[in-house]
Amino acid sequence: MDKFITLTGIAAPMPLVNIDTDMIIPKQFLKTIQRSGLGKNLFDEMRYTQDGQEIPDFVLNQPAYRKAEIIVAGDNFGCGSSREHAPWALLDFGIRCVISTSFADIFFNNCFKNGILPIVLSQEQVDILMADAKKGANARVTVDLPSQTVTTSDGQTFPFEVDAHRKHCLLNGLDDIGLTLEKAAAIDSFEARNATLRPWA
Amino acid sequence: MTAPRTLYDKIWDDHVVHQAEDGTCLLYIDRHLVHEVTSPQAFEGLRMTGRKVRAPEKTIAVPDHNVPTTAGRDKHIDNEESRIQVEALDKNARDFGINYYPVSDIRQGIVHIVGPEQGWTLPGMTVVCGDSHTATHGAFGALAHGIGTSEVEHVLATQTLIQKKSKNMKVEITGSLRPGVTAKDITLSVIGATGTAGGTGYVIEYCGQAIRELSMEGRMTVCNMAIEGGARAGLIAPDEKTYQYVQGRPHAPKGAKWEAALAYWKTLFTDEGAHFDKVVTIRGEDIAPVVTWGTSPEDVLPITGVVPSPEDFTGGKVEAAKRSLDYMGLTPGMKLTDIAIDTVFIGSCTNGRIEDLRAAAAILKGKKIKVKRAMVVPGSGLVRAQAEEEGLAQIFIDAGFEWRLAGCSMCLAMNPDQLAPGERCAATSNRNFEGRQGRGGRTHLLSPAMAAAAAITGHLTDVRELMAESV
């Protein structure tokens, strides 16, 4: 997993609420057995016509946002299916950070496993960032994970919360499985205890 | 004396392997269900790092998401990508020695129907799967939720998950349901009341007389859609109905282990005075048969209602409602019962169990469909066999339904069962998102009885009117 420390980039505005994982990556692209290559189909049905032509109005098709690295989104981003193909598609497109007032639980979790930072801010702060993002490519938003701040193109800074363990993993690009396997002895003793307490399990 | 605990607190406490100072826990996983779509990259990860599956005996795999539901699929799957995924699951199950139900096995079906049916899912367990509808298993008083593929790999390698505890939410349905109202109407009505993010950050415990009165099948329908309300999981405390459902299933405990299990399961309830961070109470008598009109599962209205106007909403929902109405091709003020239906889909992990097929067949008996096509996809091979034995299959076939093989099918339309652009479907599944059942497809979520009613009238219909006719 790539480290996430700081990021200064173009933010794409997506004010729609309840953007679900079927919108982020429709099911016809879940048939892959790989993690890579999904970026071209990110938001596929919003981004292309049925015959594969780009829909010019869609934000990521507009010249200012084709290289966006941040999405500022409406409430409850990532609701629906558990498909990790959603963060894989975002990452493959180049998105490293999503900012919203709220995220669906599984999607939020999946982001951290892939080096994407989801940030929850208040409605007022998201509104300011949405307006900033609408200014286009010259308005760069800065995300600083060590200091836990988001800074708009005109210098307004908002602090954000992030879980200490997840922050540590993102800053260092750490693999969770490796960390957990260091606790193998604790898992062994849980299993031994469980064999007595709940032998049917 | 320890402080009073909720059911969720108790299951959580019994599965903590390690707790870090910041509250992050390593939680032990009792059952890991696996399907073909969200697992290939996880097994590939194990191979690349030379890791093994820690507890293959607690890992159960079944292909369901993209398998065709037509005959001959055990010999050949036409779609190459689907075939590769199913073959990858075959190989991974073999290579890593995990329990497996291939498409040729009568026990194959939707993973969330197979787990309970085979007795893998038991009260008090932690159950995970790379699928958001894992919440279904909460009906047994098991802590069950969906995970992403990285977490699938984590569970395969370590039999644990890194988790932070959610908050406790209680959803109480008081009193009894009125005739024609079902578990599906409960779960949709709760989401209609709380919104799709109303449960975010919570584990929901469903309780109250109306929940107690539901069968295990109905309880599974309620918990299944907890995720649609944003909750991590939904739970229902086990009771006699639960024990009876579980007893005698192939992987349920037997003999002395059964007695020990039963004694433990009887401790699985929320203590008097335990704290809930959020409480929602709905009167069972107030719940009507409902349908969805929009493209979010929170867009729920009683069938007696009319299509809303965007101005009925506030905030970001105004634009979302405009977009939904445009996508769904509906006009504000139109009666819901005037919405003509092209296709009816009965099935899915929400409503693909035997009781669902019985409810639909009771409405369809002796009638013919007026929609262009109608399809029943039983949730498992065993549900299908039982429905054939009970004569339900013949009722569906005589009415004009296609009688399919088990799988997820048109719920997410990864296999050939898809809607065409503009095609309008009454579906017993769980999501009405844009494009969910096929690009441009329009989905109205409802109960199996309501789906059957729509099938025979050709439009959304209040099932209670048909029930009155047959009396």
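# Getting to know chains A and B

User: Which residue follows α6(A) with a positive phi?

Analyst: This is a predicted model, so keep in mind that every value here is computed from it. Just after α6(A) the phi is positive, near 60°. The residue with that phi is A:Gly173.

User: Which residue caps the N-terminal end of α6(A)?

Analyst: Let's move to the other end of the helix. A side-chain oxygen there lies 3.1 Å from the backbone nitrogen of A:His165. That oxygen belongs to the capping residue, A:Asp163.

User: Within what arc do the buried residues of α6(A) fall?

Analyst: Helix α6 of chain A spans residues 164–172, and its buried residues are A:Lys167, A:Cys169 and A:Leu170. Looking down the axis, you would find that they line one face of the helix, because they fall within an arc of 165°.

User: What do the buried residues of α6(A) pack against?

Analyst: The partners are elements of chain A itself. They comprise two helices and a strand: α4 (105–112), α7 (176–181) and β4 (117–120).

User: Where does A:Asn18 lie, and is this residue buried or exposed?

Analyst: A:Asn18 is not a glycine, yet its phi is positive, near 60°. Its place is the loop between β1 (6–14) and α1 (21–24) of chain A. The cut-off for burial is under 20% relative accessible area. With a value of 12%, A:Asn18 is therefore buried.

User: How many of the 201 residues of chain A count as buried, as a percentage?

Analyst: First, a little context: chain A has eight helices and seven strands. Its C-alpha atoms fill a box of roughly 60 × 45 × 25 Å along the principal axes. Of its 201 residues, the share that counts as buried is 59%.

User: What is the radius of gyration of chain B?

Analyst: Chain B has 17 helices and 19 strands. For its 471 residues the globule rule gives 23 Å, and the chain's own value is close to that, so chain B is as compact as a globular protein of that length. The radius of gyration is 21 Å.

User: What percentage of the contacts in chain B with a separation of 6 or more comes from residues 24 or more positions apart?

Analyst: The C-alpha atoms of chain B fill a box of roughly 55 × 55 × 45 Å, and 66% of its residues count as buried. Among contacts with a separation of 6 or more, residues 24 or more positions apart account for 76%.

User: How far does helix α3 of chain B reach from its first C-alpha to its last?

Analyst: This helix covers residues 80–96, which gives it 17 residues. At 1.5 Å a residue, the expected reach is 24 Å, and the helix comes close to that. From first C-alpha to last, α3(B) reaches 24 Å.

User: What arc around the axis do the buried residues of α3(B) cover?

Analyst: Several residues of α3(B) are buried, including B:Val86, B:Leu89 and B:Phe96. The buried residues sit on the same side of α3(B), because around the axis they cover an arc of only 155°.

User: Which exposed residues does the face of α3(B) turned away from its buried side carry?

Analyst: The buried residues of α3(B) are covered by parts of chain B that include β3 (31–34), α2 (40–49), β4 (59–61) and β5 (99–100). Turn to the face away from that buried side and you meet the exposed residues B:Glu80 and B:Arg94.

User: Which residue caps the N-terminal end of α3(B)?

Analyst: After the helix comes B:Gly97, with a positive phi near 70°. At the N-terminal end, a side-chain oxygen lies 3.1 Å from the backbone nitrogen of B:Glu81. That oxygen comes from B:Asn79.

User: With which side chain does the side chain of B:His65 make a polar contact?

Analyst: B:His65 lies in the loop between β4 and α3 of chain B. Its relative accessible area is 7%, so this residue is buried. Residues in contact with B:His65 include B:Glu36, B:Asp131 and B:Cys408. The polar contact, at 3.4 Å, is with the side chain of B:His35.

User: What is the relative accessibility of B:His32?

Analyst: B:His32 is found in strand β3 of chain B. Among the residues it touches are B:Lys58, B:Val128 and B:Leu156. B:His32 counts as buried because its relative accessibility is 0%.

Terms used: Residues are numbered from 1 along each chain as its sequence is written. Chains are lettered from A and ligands numbered from 1 in the order in which they are written. This is a predicted model: local features need pLDDT of at least 70, side-chain atom pairs count only at pLDDT 80 or more; totals for chains, interfaces and linings use all residues. Side-chain values use heavy atoms; hydrogens and water are left out. Helices (H or I, at least four residues) and strands (E, at least two) are DSSP runs, numbered from the N terminus. The expected span of a helix is 1.5 Å times one less than its number of residues. Buried means under 20% relative accessible area, exposed over 50%, partly exposed in between (1.4 Å probe, protein chains only). The arc is that of the directions from the helix axis to the C-beta atoms. Contact means heavy atoms within 4.5 Å. A polar contact is a pair of N or O atoms within 3.5 Å; within protein, one must be able to donate a hydrogen and the other to accept it, and residues adjacent in sequence count only if both atoms are side-chain atoms. The radius of gyration is taken over C-alpha atoms; the globule rule is 2.2 Å times the number of residues to the power 0.38. Lists of a residue's contacts leave out its neighbours within four places in sequence.
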